[in-house]
Amino acid sequence: MTSKSQTKPGNRDAAGATDDKAQRVLIFDTTLRDGEQSPGASMTLDEKIQVAELLDEMGVDIIEAGFPIASNGDFEAVKKIADVVKNAVVCGLARASDKDIDRASEALKGARQSRIHTFISTSPVHMKHKLQMEPDAVLEAVVSSVARARNHTDNVEWSAEDGTRTDHDFLCRCVEAAIKAGATTINIPDTVGYTVPDEYAALIKMLMNRVANMDKAVISTHCHNDLGMAVANSLSAVVSGARQIECTINGIGERAGNAALEEVVMAINTRADVFPYYTGVDTTMIMQASRLVSAVSAFPVQYNKAIVGKNAFAHESGIHQDGMLKNNQTYEIMSPDSVGLKKSSLVMGKHSGRHAFREKLDELGYDLGDNAFMDAFQRFKDLADKKKHVYDDDIVALVDDEMALASEAIKMASLRVIAGSEGPAEATLTLDIEGREKTCTSTGDGPVDATFNGIKKLVPHAATLKLYQVQAVTEGTDAQAEVSVRLEEDGKTATGRGADTDTLVASAKAYVSALNKLKVRHEKNKPAKLRAS
Ligand code: KIV
Ligand code: ZN
């Protein structure tokens, strides 16, 4: 397992050429253009700049920053991104029209390295119904648009929109003409996500075999995910000879999205045996990029999304957790740190086994003896049956309850309270503290205050009362009262409950119970008397 992609310094030049052409795959990110085009994913200018800077830092080769003719906002975004990007080539999209191409060039003026990406549809269905142009007119537009772009820059990409549904002879003629007119990258988009890996690979091979000047340009893939094959198709094309992959962070894009950057990059990294290539992407920045794009596009990442989903490095089943604890290669083909995650997570739930529970207790600082462990494990299983997610706090509360119950260092022995409309309330309280009875008298602003002051006198502590709640469990004046008390000390909280027909006795029991738990929590890292065994 590698923790980074095999980045080689200085392996990119202004035209996107590499010093190791045979193995280097260029990553062309179109999150800010095709990704931003997906319904509901639009980003503000500042957000686009943030994304572009991160893509640049992570080593993306080409950043397609937008479609400058589309709106003034898009133009401004491409212009600003062109100004701030330091290493990557900044690219602007343009249809096969002089106005589009000139506008893209204008927006890219400030870029250290720029590319104009011009496209036109070549499939019969697009030419007839969308463009309403004859093939020969399309071919002419290919030549004139590429030549126009070449007047602005020597880095020109030409795309055959709907390339995978284009007649092969016509596609060969267009590609050859585009290269002759000066295109340095030829993109064959699977615009509607229709192709399959073998077919797409064969299409790339066909172009390499039949287009006489194909070796003068880099072949690019641009796959949509309508049938869920965008990544597989892109990689298949690379095996056939393509050396640029167009993709987006989190796979966002038109309809079902584009090939996901994190998936193509990690597939190349992880399966070097079948994909003997490398990219310039620092894979340890993948999670950061995914979170940023998800936040600014307001597109949540599905839990089971490959590489960046919440569950991609999470294990819940007892068998898997046991395997992971023995050796993480049992159930992980990539290390979490290779994509910028600190560690895998063992999700505690009803499928978790003893091994994982013991490990979790260890992580939380508990070391229970065998009997206490088995009791806690049983209670954990009961809780997991009722609750979808068992969080660390649930486990802490569960074990603290277990330990407090087992230890009960402080017990309520007796309580007598004098209260009424005259004077302060007075409580005479006896507590059993680790086997010895202690009594005191205390006053307070009302009977509850007097009682709690008494507890504080007998067991001095710095905890503050955060919650006091009384609930009648049954009806009538002899109703059983249930009291909840929450105490906090040094950032730790504990909740205790007490029930009695006398509300004041229930209150004292609840306070004492919370205090027992707090003491357990404070002393759990020491082999204290309060520890359960
Ligand atoms: O999907 C597509 O064909 C495109 C082109 C503009 C490259 O996005
Ligand atoms: Zn697209």
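# A walk from Gly 110 to the phenylalanine cluster

Start by selecting Gly 110, which sits in the loop between helix H4 (98–107) and S4. Helices here are DSSP runs of H or I with at least four residues, strands are E runs of at least two, and both are numbered from the N terminus. What you have open is a predicted model, where local features need pLDDT of at least 70 and side-chain atom pairs count only at pLDDT 80 or more, while totals for chains, interfaces and linings use all residues. Residues are numbered from 1 along each chain as its sequence is written, chains are lettered from A and ligands numbered from 1 in the order in which they are written, and side-chain values use heavy atoms, with hydrogens and water left out.

Back to Gly 110: its relative accessible area is 43%, so it is partly exposed. That label covers the range between buried (under 20% relative accessible area) and exposed (over 50%), worked out with a 1.4 Å probe and protein chains only. Not counting residues up to four places away in sequence, Gly 110 touches Ala 82 and Asp 83; contact means heavy atoms within 4.5 Å. Now add Ser 317 to your selection: the two are 207 residues apart in sequence, and 53 Å apart in space from C-alpha to C-alpha.

**Next stop: ligand 1**

Select ligand 1 and show what surrounds it. Which residues are around ligand 1? You should find Arg 33, Asp 34, His 117, Phe 119, Ser 159, Glu 161, Asn 187, Pro 189, Thr 191, His 222 and His 224; being near takes a heavy atom within 4 Å. By class, this shell has two nonpolar, six polar and three charged residues. Here Ala, Val, Leu, Ile, Met, Phe, Trp, Tyr, Cys and Pro count as nonpolar, Asp, Glu, Lys and Arg as charged, and the others, Gly among them, as polar.

Zoom in on the oxygen atoms of the ligand. A polar side-chain atom of Thr 191 is 2.6 Å from one ligand oxygen. The side chain of Arg 33 has an N or O atom 3.0 Å from a ligand oxygen, and the side chain of His 224 has one at 3.1 Å. On its own, ligand 1 has 260 Å² of accessible area, and the protein covers 94% of that; such areas come from the Shrake-Rupley method with a 1.4 Å probe. Colour helix H1 (31–35) and strands S4 (114–121), S5 (156–161) and S6 (185–190) to see the elements that give two or more residues to the shell.

**Along strand S5**

Pick Glu 157, found in strand S5. Is Glu 157 buried or exposed? With 0% relative accessibility, Glu 157 counts as buried. Its side chain makes polar contacts with the side chains of His 117 (3.4 Å) and Gln 244 (3.2 Å). A polar contact is a pair of N or O atoms within 3.5 Å; within protein, one must be able to donate a hydrogen and the other to accept it, and residues adjacent in sequence count only if both atoms are side-chain atoms. Leaving aside neighbours within four places in sequence, Glu 157 also has contacts that include Phe 28, Arg 115 and Ser 220.

Now slide to Thr 153, in the loop between helix H6 (135–152) and S5. Thr 153 counts as buried at 11% relative accessibility, and its side chain reaches the backbone nitrogen of Asn 155 at 3.0 Å. Beyond its neighbours within four places in sequence, Thr 153 is in contact with Ser 114 and Ile 116.

**Helix H10**

Select residues 261–270 for helix H10: eight of the ten are buried, so the helix is largely enclosed by the rest of the structure. Its buried residues pack against strand S1 (26–29), helix H2 (45–58), helix H9 (230–240), strand S8 (244–247) and helix H11 (286–297).

**Last stop: the rings**

How many aromatic pairs does the structure hold? There are eight. Rings of Phe, Tyr and Trp (its six-membered ring) pair if their centres lie within 6.5 Å; planes under 30 degrees apart count as stacked, over 60 as edge-to-face and the rest as tilted. Try Phe 357 and Phe 380, a stacked pair at 4.7 Å centre to centre with 20° between the planes. Phe 357 lies in helix H13 (residues 354–363) and Phe 380 in helix H14 (residues 370–386), so this pair ties together parts 23 residues apart in sequence. Both Phe 357 and Phe 380 are buried.

Then select Phe 373 and Phe 377, a stacked pair at 6.2 Å and 10°. They are four residues apart in helix H14, so about one helical turn separates them. Finish by showing Phe 357, Phe 373, Phe 377 and Phe 380 together: ring pairs link them into a cluster.
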